[in-house]
Amino acid sequence: GTVMEGQKKRIPVREGLWAEPASTDEKPRLIGSRCLFCEELFFPRKDIELCGYCQSGELEEVKLSRKGKVYSYTIVAQRPPVYYKGEVPYVLGFVELPEGIRIETLFTACDPNSLHVGMDVEMVIEKLHEDEDGNDVMAYKFRPATS
């Protein structure tokens, strides 16, 4: 259908992946879970409140660092059959955050040839694609750090 101007929505690709900032000085942060018993971190946060390592039920929600380093990446030249409706080619990989957790992510705002393991990157929320109703489906991505 057609979308009347001003009715276009920004919809997260999945609920609960990140927290929108309370004020304009802050930036969105990814939400993970931390086991209070063994300190293991999980992302996305666990819906089943059991630690995958020690089976403790003591998990707390944590906001993860926005900055990390490229751990690995690959350039994908072919469109996957189902869920991905964005641009091709695209860069997919893992970012290691200071907390020691690795996040699977798309990379954005970079020449794939300039990306390298160990590069400083930061998290942003960007449009992934449009849904059938013309709404922007938003996702977290990482881009080369600007500062």
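Is tyrosine 53 buried or exposed? At 59% relative accessibility, tyrosine 53 counts as exposed, and the legends below, which describe close-up views of a predicted model, come back to this residue together with its ring partner.

**View 1. Two aromatic pairs are found in a search of the whole structure.** In the pair formed by phenylalanine 42 and tyrosine 53, the ring centres are 5.9 Å apart and the planes stand at 35°, so the pair is tilted. Phenylalanine 42 belongs to strand E4 (residues 41-42), whereas tyrosine 53 is in the loop between E4 and E5, so the contact ties together parts that are 11 residues apart in sequence. Phenylalanine 42 has a relative accessibility of 11% and counts as buried, while tyrosine 53, at 59%, counts as exposed. The pair of phenylalanine 43 and tyrosine 140 is edge-to-face, with 5.5 Å from centre to centre and 85° between the planes. This pair links distant parts of the chain, since phenylalanine 43 is in the loop between E4 and E5 and tyrosine 140 is in strand E10 (residues 136-144), 97 residues apart. Phenylalanine 43 counts as buried at 16% relative accessibility, and tyrosine 140 is buried with a relative accessible area of 14%.

**View 2. A cis peptide bond joins phenylalanine 43 and proline 44.** The omega angle of this bond is about -5°, and proline 44 is found in the loop between E4 and E5. Phenylalanine 43 is placed in the loop between E4 and E5 as well, and its ring takes part in the edge-to-face pair with tyrosine 140. As general background to this view and to the one that follows, most residues other than glycine have a negative phi, and most peptide bonds are trans.

**View 3. Glutamate 39 and alanine 109 have a positive phi although neither is a glycine.** For glutamate 39 the phi angle is about 75°, and the residue lies in the loop between E3 and E4, where it counts as exposed at 54% relative accessibility. For alanine 109 the phi angle is about 55°; this residue is found in the loop between E8 and E9 and counts as exposed at 58% relative accessibility.

**View 4. Arginine 34 and glutamate 60 form a salt bridge between two strands.** The closest N and O atoms of the two side chains are 3.1 Å apart. Arginine 34 lies in strand E3 (residues 29-35) and glutamate 60 in strand E5 (residues 59-63), so the pair ties together parts that are 26 residues apart in sequence. Arginine 34 is partly exposed, its relative accessible area being 25%, and glutamate 60, with a relative accessibility of 31%, likewise counts as partly exposed. For the structure, the count of salt bridges comes to 11.

**View 5. Lys8, Lys127, Glu130 and Asp136 are linked in a network of salt bridges.** Within this network, lysine 127 forms a salt bridge with glutamate 130, in which the closest N and O atoms are 3.0 Å apart. The side chain of lysine 127 also meets that of aspartate 136 in a salt bridge, with 3.4 Å from N to O. Lysine 127 is partly exposed, having a relative accessible area of 37%, and glutamate 130 counts as partly exposed at 38% relative accessibility. Aspartate 136, by contrast, has a relative accessibility of 14%, which is under 20%, and therefore counts as buried.

**View 6. The charged end of arginine 102 sits over the ring of tyrosine 71.** The distance from this charged end to the centre of the tyrosine 71 ring is 3.8 Å.

**View 7. Tyr73, Ile75 and Val117 make a nonpolar surface patch.** The area of the patch is about 260 Å². Valine 117, one of its members, is found in the loop between strand E8 (102-107) and strand E9 (120-130). The relative accessible area of valine 117 is 55%, and this residue is therefore classed as exposed. Alanine 109, shown in View 3 with its positive phi, is found in the loop between E8 and E9 as well.

Key
Residues numbered from 1 in each chain as written. Predicted model: local features only at pLDDT ≥ 70, side-chain atom pairs only at ≥ 80, totals over all residues. Heavy atoms only, no water. Patch = residues over 30% accessible without salt bridge, like charges linked within 9 Å, V, L, I, M, F, W, Y side chains within 5 Å. Areas by Shrake-Rupley, 256 points an atom, 1.4 Å probe, with all protein chains shown as cover. Salt bridge = Lys/Arg side-chain N within 4 Å of Asp/Glu carboxyl O. Helix = DSSP H or I, 4+ residues; strand = E, 2+ residues; numbered from the N terminus. Buried < 20%, exposed > 50% of the residue type's maximum accessible area, 1.4 Å probe, protein only. Phe/Tyr/Trp six-rings, centres within 6.5 Å; stacked < 30°, edge-to-face > 60°. Lys NZ or Arg CZ within 6 Å of the ring centre and 35° of its normal.
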